[in-house]
Structures are given as C-alpha cells and as structure tokens.
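Got your viewer open and a selection box ready? Load the model, set it to cartoon with side chains on hand, and follow along stop by stop.

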Amino acid sequence: MTMPKALTIAGSDSSGGAGLQADIKTFQELGVYGMTAITTIVAMDPHNRWAHQVFPVDLATIEAQLETIIVGVGVDALKTGMLPTTDIIELAARTIEKHGLTNAVIDPVMVCKGADEPLHPENTVCYRETLMPKATVVTPNLFEAAQLSGLPRIETVEDMKEAAGRIHELGAQYVIVKGGRKIPHDYAVDVLYDGKTFELLESERIETTYTHGAGCTFSAAIAAELAKGRPVKDAIATAKAFITAAIRHSFPLNEYVGPTHHGAYRRYMEQ
C-alpha cells in the first residue's frame, strides 16, 4: 500500500507545540507520511518568560531539503508555515511552480511586534504577489487576513467576508479567514470563500488559553486530507473537527504556554 505523502515548509518549534512539529504530528494522526523543509529554528528562553529566539536557516539549506523531498520522494500535498524572509517566500512559490505541485495549503504566518504592526511589511507584499496565486487553500487568522486584504481591522463576520473576498482576488482558490472566539458570535466561527459562496464554519466556543500551534495544526490537517485525495471542502470539514477536538483536549505545558492535543481526534472523536 502506498501511503499519502505531505510536505511542510515551516519553522521548528523547540517546545514541540507549533511549527513543523505540530504539522508532523497532525500528518501522522491522519495517516499521512510527513516530510519537513526547515526554514527557521525557534527556541524559547525559560529564564526570560519564554521569550522567543529565532534562528533562520540559509536559503541553500532550504533548497537542498526541498530537492531531497520533492525530487527524491515526491509529495501529494504541501503546506507552508513560517517563511521569515521574502527570499524564502519566493523560493516556496518557485518550488510550487517549478514542480507543478498541487494541493498547496498556505498558512501565512506573520510575526508581529504588536496588535497592528507587522514585523516585516515586505513579507506581506511578497505573500500577496507570489504565494497567494499558488494557494489551493489559504488560512489566515484575523491579523494576517487584515494584512493580506488591506483592511484596517477585522471585527465582525461581515469584515471576515470582505477580507476573504479580497484575498481570493489575489489568486487563492479557497480562503478561510479564522475568527475563532475573537469575533462576536454564538459560536467560534471561520469564514470559507470559494469565489462564489461564503460559508460559516461554526464550532463550539471552548474557553481555554491553551491554543499554541492551533493554526499550524488546522492547516496541516487540511494538507493531510488533500494528500489523501479528499475534495477541498471535505478536507476542510475534517480539519475543523480535528482542531476542535485538539483544542477541547488541550493542556498546559508550563506556566507560559499550552499546546493543542494532536491525538484527541483519533482518541476521542473516531470511537
């Protein structure tokens, strides 16, 4: 039996809750063989309130990893996570085009100084111009959706729809703007747009701060299901169930952070 294969082009989270570690765990849970091209290594300082330390990987090393995976093995789907420079964003876009890769899930991770200021504004421009046209699915959170769409802020479901429409115009086939618990609504809500219809993806509002890696996990679950040949909307539905279970059963890792439970969907939901 041939196992479906998925690639993540992402950063390494030394604590194991987010980044490529979350992606690999998600792939495994959903029956997909995972491979990684590491773009950056992130460590946390336990002596300074878990302050993040970022160590970028050079472009040649990333290119060598991609050659190993795509030419040497082959992939059925891919996702991107932390792409810290314009050179790396452009490399991801070139790689998708060069190898004719399909089922590309773009999680446009944007590190920011505060609530409304991106750390590297040039990355947003590069995402818009190079990666959005390559995206089968793009999964921005509210901050990322505002940056990509050009909206000053996103505070309502209607704002989410407006952002999704604008991002779709950049070339992405499917756009999911993740609102979660941050939008005034009876449920945790995301907006899905396929260029024709807006759909609200609603789930229970789970009151927890243990959501480290949730975005990575959600996008990885979509990529895993696409690798298995599932239609896009079916893949998204499974990913939504997967991340809801993972958040419902999340747990504290230390006094600073708590990750989602990547085994929760299989352990609690499929029984």
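Start by selecting residues 174-180 and 188-193: these are strand 7 and strand 8, and they pair antiparallel over five bridges. One rung to click on is Ile176, whose bridge partner in strand 8 is Leu192. Keep in mind that this is a predicted model.

Now add residues 198-203, which make up strand 9; six bridges join it to strand 8, again in the antiparallel sense. For a rung here, pick Val191 and look across to Leu200, its bridge partner in strand 9. Where the chain turns from strand 8 to strand 9, the hairpin has four residues between the strands, and Gly195 takes a positive phi near 95°.

Stay on strand 8 and switch to a surface view. How many of the six residues of strand 8 are buried? Six of the six are, so the strand is largely enclosed by the rest of the structure. Show the side chains and you'll see two sets: Ala188, Asp190 and Leu192 point one way, while Val189, Val191 and Tyr193 point the other. Both sets are buried, Asp190 included.

Next stop: the aromatics. A search of the whole structure turns up three aromatic pairs. For one of them, select Trp50 and Tyr256, which are stacked with 5.9 Å centre to centre and 15° between the planes. Why does this pair tie together parts that are 206 residues apart in sequence? Trace the chain from each ring: Trp50 sits in the loop between strand 2 (33-45) and strand 3 (51-56), and Tyr256 in the loop between helix 8 (232-248) and helix 9 (264-269), so the contact links those two parts. Trp50 counts as buried at 19% relative accessibility, and the cut-off is under 20%. Tyr256, at 30%, counts as partly exposed.

Then go back to the hairpin and select Tyr193 and Phe198, a stacked aromatic pair with 4.1 Å centre to centre and 15° between the planes. Tyr193 is buried at 12% relative accessibility, whereas Phe198 is partly exposed at 35%.

Last, the cysteines. How many disulfides does the structure hold? Zero. Two residues to click on here are Cys126, buried with a relative accessible area of 6%, and Cys216, also buried, at 14%.

Key. Residues are numbered from 1 along each chain as its sequence is written. This is a predicted model: local features need pLDDT of at least 70, side-chain atom pairs count only at pLDDT 80 or more; totals for chains, interfaces and linings use all residues. Side-chain values use heavy atoms; hydrogens and water are left out. Rings of Phe, Tyr and Trp (its six-membered ring) pair if their centres lie within 6.5 Å; planes under 30 degrees apart count as stacked, over 60 as edge-to-face and the rest as tilted. Buried means under 20% relative accessible area, exposed over 50%, partly exposed in between (1.4 Å probe, protein chains only). A disulfide is a pair of cysteine sulfur atoms within 2.5 Å. Two strands pair if DSSP finds at least two bridges between them.
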